[in-house]
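Work through the following exercises with the sequence and the 3D view side by side. Try each task before reading its solution.

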Amino acid sequence: MAQSPDKVSAPPTTPGHADWAWDARRGFQLGILTFARFCLNTLLRIVYPFAPAFARGLGVPVTVIYVLISLRNLTGLLAPVLAPLAERYGRRNVMALSVAAFSAATLLVAGVPAVWTLGLALIVGGGVKVIYDPAMQSYLGDAVPYSQRGRALSLTELGWSGAFLIGAPLTGWLIARQGWSAPFLWLGLAAIPAAVLLWRYPPSARR
C-alpha cells in the first residue's frame, strides 16, 4: 500500500551538518583547505616546466630530473596504503601532519640544495598528495551537507588550477631573482601556517 504524503519523513540530518552555513567562518575553513592544496599542487606541477632550470642549478642533465619525477609518480601506487590513514587517525590530524611533512621536505631543499634533497622532496610531495586529497575530501563529506557538498569540493579545486595559473608564474619569478631553490623555500614557509591552521581551526566533523 502506498504511503500517504503526510507520512513521508524528511531525510535525516547528519549531526554536524545542521550548523553549516556559507558564512565567513566556513569560507575561512575552505580557504585553509584550498591553500594547503595549492601548496602541494604547486610542487606537483612546477617540476615539468621548470625541470631544465632545476637541472642547470644542480649541474646535472635534465634527464636526472625526469628520473626523479618518475620516482615521485610511483608514489601513486601507494594510494591504497596511504589514503586510509585518515580513517584510522582522523581527517584533520592526517591533513595537518602531511602538510607539515611537505613543509619539512621542501625546506630541506632550500637549506641543502642537492639532487638527493630534491628527489626526497618530490617523493614526499607525491606521497603527501595521495594522503591529503582523500583526507580533505572525506572531511568535507563529513562536514558539509550533501546538497552543498559539490559546491564546497569545487571551490577546493582552485588549489589545482591556481597551482599552475598562479604558482607557476611565481616560481619563474622567484627562480629568476633568487635561484632555482627559492620556490622550495617559499613553499615550505607557506605550508607551516597551513599545517598549524589545519591542526587547530577546522571543527571536528562526525563521520
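**Exercise 1. Describe the order of elements along the chain, starting from the N terminus.**

Step 1. Reading from the N terminus on, the elements of this predicted model run α-α-α-α-α-α-α-α-α-α.

Step 2. A count by type agrees with that pattern, since the chain has 10 helices and zero strands.

Step 3. To see how the chain folds back on itself, consider the contacts with a separation of 6 or more, of which 82% are between residues 24 or more positions apart.

Step 4. For the surface, note that the chain exposes about 10700 Å², with carbon and sulfur atoms supplying 67% of this area, while buried residues make up 43% of the 207 residues.

**Exercise 2. Find out which elements build the largest nonpolar core, and which of them gives the most to this core.**

Step 1. The largest nonpolar core has 52 residues, and the ones with the most contacts inside it are Leu 33, Phe 54, Leu 118, Tyr 132 and Leu 198.

Step 2. The elements that give two or more residues to this core are helix 1, helix 2 (51-58), helix 3 (62-73), helix 6 (91-111), helix 7 (115-143), helix 9 and helix 10.

Step 3. Among these elements, helix 7 gives the most, with 12 residues.

Step 4. Tyr 132 can serve as a worked case: if residues up to four places away in sequence are not counted, Tyr 132 touches Ile 32, Leu 33, Ala 36, Arg 37, Leu 40, Met 95, Ser 98, Val 99 and Leu 198.

**Exercise 3. Characterise the largest pocket by its volume, by the elements that line it and by the classes of its lining residues.**

Step 1. The largest pocket has a volume of about 190 Å³.

Step 2. Its lining consists of 13 residues, and Phe 38, Leu 170, Leu 174, Trp 186 and Leu 187 are those that lie nearest the centre of the pocket.

Step 3. Two or more lining residues come from each of helix 1 (24-46), helix 9 (158-178) and helix 10 (182-200), and helix 9 gives the most, with five residues.

Step 4. Sorted by class, the lining has 10 nonpolar and three polar residues, whereas charged residues are absent from it.

**Exercise 4. Decide whether Ile 69 and Asn 73 are buried, partly exposed or exposed, and find where each lies.**

Step 1. Both residues belong to helix 3, as can be checked for Ile 69 and for Asn 73.

Step 2. Ile 69 has a relative accessible area of 4%, and it is therefore classed as buried, because buried means under 20%.

Step 3. Asn 73 has a relative accessibility of 41% and so counts as partly exposed, because this class lies between the buried limit of 20% and the exposed limit of 50%.

Step 4. Leaving aside neighbours within four places in sequence, Ile 69 is in contact with Val 47, Tyr 48 and Leu 122.

Step 5. Positions distant in sequence can also be compared through their C-alpha atoms: Ile 69 and Gly 126, 57 residues apart in sequence, are 9.3 Å apart in space, and Asn 73 and Ile 123, 50 residues apart in sequence, are 7.8 Å apart.

**Exercise 5. Are Ala 182 and Pro 183 buried or exposed, and which residues does Pro 183 contact?**

Step 1. Ala 182 lies in helix 10, and Pro 183 is found in helix 10 too.

Step 2. Ala 182 has a relative accessible area of 5%, so it is buried, and Pro 183, with 3%, is therefore buried as well.

Step 3. Apart from neighbours within four places in sequence, Pro 183 is in contact with Ile 46, Thr 171, Leu 174 and Ile 175.

Step 4. The C-alpha atoms of Pro 183 and Ala 110 are separated by 8.3 Å, although these residues are 73 residues apart along the chain, and for Ala 182 and Leu 107, 75 residues apart, the C-alpha separation is 9.6 Å.

How values were computed: Residues numbered from 1 in each chain as written. Predicted model: local features only at pLDDT ≥ 70, side-chain atom pairs only at ≥ 80, totals over all residues. Heavy atoms only, no water. 1 Å grid on protein atoms, 1.4 Å probe; cavity = no way out; pocket = protein on both sides within 12 Å on 5 of 7 lines; lining within 4 Å. Points joined across faces, edges and corners; volume = space filled by probe spheres on them. Helix = DSSP H or I, 4+ residues; strand = E, 2+ residues; numbered from the N terminus. Nonpolar A, V, L, I, M, F, W, Y, C, P; charged D, E, K, R; others polar. Core = buried A, V, L, I, M, F, W, Y, C linked by side-chain atoms within 4.5 Å. Buried < 20%, exposed > 50% of the residue type's maximum accessible area, 1.4 Å probe, protein only. Contact = heavy atoms within 4.5 Å. Areas by Shrake-Rupley, 256 points an atom, 1.4 Å probe, with all protein chains shown as cover.
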